[in-house]
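Subject: Structure handover

Hi,

Here is the structure I promised to pass on. Please open it alongside this email.

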Amino acid sequence: MSYYQGQRSEVVPFRGHNGDTGEAYYARPTRAGKFPGIVVIHHMPGWDEWIMEVVRKFAHHGYAAISPHLYFREGGPDESPDDLGARIRAAGGVADAQIMGDVAGAIAYLRAQPNATGKIGVIGFCSGGRHCYLAACTLSGIDAAVDCWGGNVIVDDPKLLNDKRPVAPIDQTVKLGRPLLGIFGNDDANPTADQVNRTEAVLKKLGKNYEFHRYDGAGHAFFNTQRDAYRPEQAQDGWRKVFAFFTRYLAASAASSIAAE
């Protein structure tokens, strides 16, 4: 098996919450075979270039990966991801129920492909990490989940709960029925190190299958090569943890043993 393999990436339609048709970015190896699937839940800034790079990274490592555009109902074709993300944030974000419906639609898309093994992982960054935690607790069809610095899993101020976010994800932990990996920077302000500690305490108390990794000298978004927050050494080790985790639980059949860039 070559360490470098062809892949194909494209924007595809998918059916999300309430049957709405939206866009998703999809990438997979071009060689023959069947591949585990990964749903990439984008961060609050939106469906941007770095998220597309993450999707292609998974395809390089032998997965069929998809990132649904969670803001497709709100933006026009000419609006930049930065502008759309800022507008969505100012409006209080997107309802959890809608995002869970879109993630479920992305899972269904992956399972319907002829190259699918049927194994599905979910990974999310920033707000997407929170959504990943919530999906791992409430959606079926997920075999492994990775929360990358998801904030507001624990809600200390009840005023942060509303019609869009009616429950704190931590309160759904009892329903968690698949392995969970958490990646965090110790300098992050959301989640704070204390909030990560408290989340881990709940997971441990409930006997859940989880592992958390925390990094000194790193804050929020430290995987993101397009941000000043990027920390190469910590990100490289974090990606190794992510691929080892997905290999263990999704049995990737391709180049997941390649060292993360």
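Below is what turned up, residue by residue, and then one helix pair.

Please keep in mind that this is a predicted model.

**Asp147**

Start with D147. It sits in strand β6, which covers residues 144–148. D147 is buried, yet it has no salt bridge. Which side chain of opposite charge is nearest to D147? That is R130, and it is 9.5 Å away. A salt bridge needs the two charged groups within 4 Å.

The side chain of D147 does have a polar partner. One of its polar atoms lies 2.8 Å from the backbone nitrogen of G150.

D147 also touches a long list of residues, leaving aside those up to four places away in sequence. Among them are G124, G129, R130, C132 and Y133. The list also includes V153, L180, L181, G182, I183 and F184.

**Backbone points to check**

Two residues other than glycine have a positive phi: C126 and W149.

- C126 has a phi near 60°. It is placed in the loop between β5 (116–125) and α4 (127–138).
- W149 has a phi of about 45°. Its loop runs between β6 and β7.

Are these two buried or exposed? C126 has a relative accessible area of 17%, so it counts as buried. The cut-off for buried is under 20%. W149 has a relative accessible area of 2%, so W149 is buried as well.

There is also a cis peptide bond. It joins N190 and P191, with omega at about 10°. P191 belongs to the loop between β7 (180–185) and α5 (193–205).

**Asp194**

D194 is in helix α5. Its relative accessible area is 43%, so D194 is partly exposed. Partly exposed runs between the 20% and 50% cut-offs. D194 and F184 are 10 residues apart in sequence. Their C-alpha atoms are 11 Å apart in space. F184 is also one of the residues that D147 touches.

**Helices α3 and α4**

How do α3 and α4 pack? Helix α3 spans residues 96–112. The angle between α3 and α4 is about 70°, and their axes are 10 Å apart. The two helices are therefore roughly perpendicular to each other. From α3, the contact uses D96, I99, M100 and V103. From α4, it uses R130, H131, L134, A135 and T138. R130 turns up here again, having appeared among the residues that D147 touches.

Best wishes

Terms used. Residues are numbered from 1 along each chain as its sequence is written. This is a predicted model: local features need pLDDT of at least 70, side-chain atom pairs count only at pLDDT 80 or more; totals for chains, interfaces and linings use all residues. Side-chain values use heavy atoms; hydrogens and water are left out. Helices (H or I, at least four residues) and strands (E, at least two) are DSSP runs, numbered from the N terminus. Buried means under 20% relative accessible area, exposed over 50%, partly exposed in between (1.4 Å probe, protein chains only). Lys and Arg count as positive and Asp and Glu as negative; His and the chain ends are not counted. A polar contact is a pair of N or O atoms within 3.5 Å; within protein, one must be able to donate a hydrogen and the other to accept it, and residues adjacent in sequence count only if both atoms are side-chain atoms. Contact means heavy atoms within 4.5 Å. Axes are lines fitted to C-alpha atoms, for helices over the stretch in contact, and angles run from 0 to 180 degrees between N-to-C directions. Angles under 35 degrees count as roughly parallel, over 145 as roughly antiparallel, 65 to 115 as roughly perpendicular and the rest as oblique.
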